[in-house]
Amino acid sequence: MRLTRLETENYKGIKAIDITPKPGVTEISGPNGSGKSSSIESIEVWLDGLRVAPAEPIRKGAERCRIRGRLGDLYVTRIIERKKGGGHTTRLLFENEEGKPFPGTQKKLDDLIGEHHLDPLDFLALDSKGKFDAFQVFVPGFDFARAAQDNAVDYERRTKVNSLAREARAAAGLIHVPEGTPAEPIDEQALVAELQRAGDENTETERRRQRREQLAEIVEGLRARAAGAPAEIERATREIEAARDREVARIENQIRALERQRDDMRAEYGAKVAVESERIQKAALDAVRDADEGQAKLDAAGPLPEIIDTAALSKSIEQARKTNQAIAAAQTRAKHTSTAERYEAESGELTERMEARQAAKRAAVAAAKLPIEGLDFGENEILLNGIPFDQASTAQKLRAGVAYSIARNPTLRLVWIKDASLLDDDSYAEIQKLAAEHDCDIYLETVRAIGKDAIVLSDGALASEAQEKSEAAA
Ligand SMILES: Nc1ncnc2c1ncn2[C@@H]1O[C@H](COP(=O)(O)OP(=O)(O)OP(=O)(O)O)[C@@H](O)[C@H]1O
Ligand SMILES: [Mg+2]
C-alpha cells in the first residue's frame with residue numbers, strides 16, 4: 001500500500017495543500033510555522049481518526065477539515081467537523097478510481113492498512129529496555145522474557161549452589177586425616193573386654209601366689225621347731241638337774257632324816273623327765289608330718305602363669321582410639337567432599353543451561369532478519385555497531401528508527417521524520433537508500449531543503465501556489 005496523493009484542507013495550520021508524492025523520499029520544507037508538521041500529521045489523522053488527533057484539529061475560522069488520500073486504487077476521504085457543545089465528529093468516505101463513492105468504516109480502513117508504526121520517534125522515545133522489547137518482534141523464534149526469567153532463576157540457584165559447594169569444601173579442608181588411616185574402624189570394646197579379663201586373671205594369680213608364700217612360711221616355722229627339739233631337751237634337762245642339785249643341796253642338811261623322801265623324790269623327777277621328753281618328741285614328729293604335707297602340696301602345684309603385659313594392651317586401645325577418630329574424620333571429610341562435588345556438578349549444569357540459552361539466543365538473533373545492518377541484541381538493550389543504541393548519534397538513531405518503522409509496516413509502505421533538518425547529505429542519501437531498498441515512502445520535514453525536489457510550504461499552503469496567487473493579485 002502506497003500513499004500516492006494527499007489533499008489536506010483546514011487541518012491545524014494547513015489551509016489547503018494537494019501533493020502527489022513520488023515513490024521514495026518526499027521532503028516537505030519551509031520556515032517554522034509554515035505547516036510542515038501539520039501536513040505530515042494530517043496523514044496520521046486521515047488513517048487513524050480522532051484517537052490520534054490533537055485537541056483542535058480544524059483550522060481556526062474553518063468549519064471542517066478534510067483530508068483525502070489515494071491508497072492503491074482507492075480514494076479515502078476523512079471529514080472532521082465540530083460537534084455542537086464541544087468535541088468533534090469524523091466520517092470516512094471511500095471512492096474507487098472512477099470517483100464512484102461507497103460506504104467505508106474505520107474497520108475497513110484498518111484492515112486495509114494493517115499494523116503501522118509511521119513515526120520512528122515513537123520508537124526512539126522508548127527507553128533502552130523498551131527498545132530491546134520492541135526489537136524482539138524481529139526474532140519470533142526466541143522467547144527473550146522467558147529465557148531471561150529462566151536464566152535469572154538458574155543464576156540465583158547457581159549462586160546458592162556455589163556457596164554451598166564452597167562451604168562443604170571448606171568444611172572438608174578443616175578436617176585432618178593422618179596418613180595411612182585404615183578404612184574400617186577397630187573394635188575398641190573387644191580390646192577393653194580383653195583388658196578387663198586380663199586384670200581379673202592377674203588379681204587371681206597374685207592372690208594364689210600370696211597364699212603359697214604364707215604356706216611356705218608356716219612350713220619353715222614347723223621345720224625350725226622340729227629341728228630345735230634336741231637342744232630344748234638338753235636345756236630342759238640342764239634346768240631340771242640344776243633344780244635337783246639345788247634340792248639335793250638343800251636337802252643334804254636333812255639327808256638323813258629325809259632319806260626316804262629323797263628316794264621318792266628321785267623317782268618322781270625321773271618320771272617327769274620321761275613325760276616331758278615324750279611330749280616334746282611327739283610335737284617334733286607332728287611338725288615333721290605337717291611340714292611334709294605342706295611340701296607335698298608345694299611340689300604338686302604347677303608353675304604359676306606368666307604375668308600378662310597389660311601396658312601393651314592399653315597402648316593398643318589408645319592406638320585404636322586414635323585410628324578410629326582418624327577414620328571418622330576421613331568419613332566426615334569424604335561426606336563434605338561429596339557434598340561439594342554434588343553442588344559443583346549442579347553448578348556446572350546450571351552454567352551449561354544458561355550458556356545453552358545464551359547460544360540459542362545468539363542463534364535466533366543470528367537467524368533473525370534485523371531491519372538495519374550493525375544492529376544486535378545485547379543484555380536487555382539493543383546495540384548499534386557494538387555500542388548501546390542510545391549512545392549512537394542522533395542521525396544514526398534516526399536512520400535505525402526509520403528502518404525499524406519500515407519493518408513494522410508490513411502493508412503500508414510509509415514512514416516520516418519530522419525532525420530531519422539535522423540530516424547531512426550523507427544521512428539524506430542513506431535515507432534515500434533505505435526507501436529504495438525497502439520499497440517504502442519516507443516523508444522528511446526540513447526547515448531548509450536538503451534535496452532538490454522538496455515540497456516547500458508557506459503559511460499553510462504550497463509556496464509555489466502562494467506565489468502564483470500573490471502574482472495574480474498583483
Ligand atoms: N487549529 C489550528 N488553527 C490554526 N492554526 C493552527 C492550529 N493548530 C496549529 N496551528 C498553527 O499552525 C502553524 C503551523 O504549525 P506546524 O507545526 O505545522 O509548523 P511547522 O512548519 O512544522 O513548524 P516547525 O518548523 O517549527 O516545526 C503554527 O503556527 C501553529 O500555531
Ligand atoms: Mg514541525
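**Notes on a predicted model: cores, a helix and two ligands**

1. Let's start with one residue in this predicted model. If you skip the neighbours within four places in sequence, Phe 135 is in contact with Phe 123, Leu 370, Pro 371, Leu 375, Phe 377, Ile 382 and Tyr 404.

2. Now zoom out to the group around that side chain. The largest nonpolar core has 40 residues, and the members that touch the most others are Phe 135, Phe 377, Ile 442 and Leu 444. Helix α10 (residues 394-407) supplies the largest share of this core, with 7 residues. Apart from this core lies another one of 33 residues, including Leu 6, Ile 14, Leu 74 and Leu 109. As background, nonpolar side chains tend to be buried together in soluble globular proteins.

3. Have a look at α10 itself. How many of its 14 residues are buried? The count is 10, so the rest of the structure largely encloses this helix. Among the buried ones are Ala 395, Leu 398, Val 402, Tyr 404 and Ile 406. Arg 399 and Ser 405 are buried in α10 too.

4. What covers those buried residues of α10? The cover includes three helices, α3 (120-124), α4 (128-135) and α11 (425-437), along with the strands β11 (414-417) and β12. As for its length, α10 reaches 20 Å from its first C-alpha to its last, which is close to the 20 Å expected at 1.5 Å a residue.

5. On to the metal. Which protein atoms are donors to the magnesium ion (ligand 2)? They are OG of Ser 37 and OE of Glu 445, lying 2.0 to 2.1 Å from the ion. Ser 37 belongs to helix α1 (residues 36-48) and Glu 445 to strand β12 (residues 441-446), so the pair ties together parts 408 residues apart in sequence.

6. Are these two donors buried or partly exposed? Ser 37 has a relative accessibility of 24%, so this residue counts as partly exposed. Glu 445 has a relative accessible area of 10%, which means that Glu 445 is buried, because the cut-off for buried is under 20%.

7. Last stop: ligand 1. This ligand is surrounded by 15 residues, and the closest are Asn 32, Gly 33, Lys 36, Ser 38 and Lys 60. Backbone atoms are worth checking here. A polar backbone atom of Gly 33 is 2.8 Å from an oxygen atom of ligand 1. A nitrogen atom of the ligand is 3.1 Å from a polar backbone atom of Ile 58, and a backbone N or O atom of Lys 60 lies 2.9 Å from a nitrogen atom of ligand 1.

Note on methods
Residues are numbered from 1 along each chain as its sequence is written. Chains are lettered from A and ligands numbered from 1 in the order in which they are written. This is a predicted model: local features need pLDDT of at least 70, side-chain atom pairs count only at pLDDT 80 or more; totals for chains, interfaces and linings use all residues. Side-chain values use heavy atoms; hydrogens and water are left out. A nonpolar core is a set of buried Ala, Val, Leu, Ile, Met, Phe, Trp, Tyr and Cys residues joined through side-chain atoms within 4.5 Å. Buried means under 20% relative accessible area, exposed over 50%, partly exposed in between (1.4 Å probe, protein chains only). Helices (H or I, at least four residues) and strands (E, at least two) are DSSP runs, numbered from the N terminus. Contact means heavy atoms within 4.5 Å. Donors are N, O and S atoms within 2.8 Å of the metal (3.2 Å for Na, K and Ca); water is not among the atoms, so sites may look incomplete. The expected span of a helix is 1.5 Å times one less than its number of residues. A residue is near a molecule or strand if one of its heavy atoms lies within 4 Å of it. A polar contact is a pair of N or O atoms within 3.5 Å; within protein, one must be able to donate a hydrogen and the other to accept it, and residues adjacent in sequence count only if both atoms are side-chain atoms.
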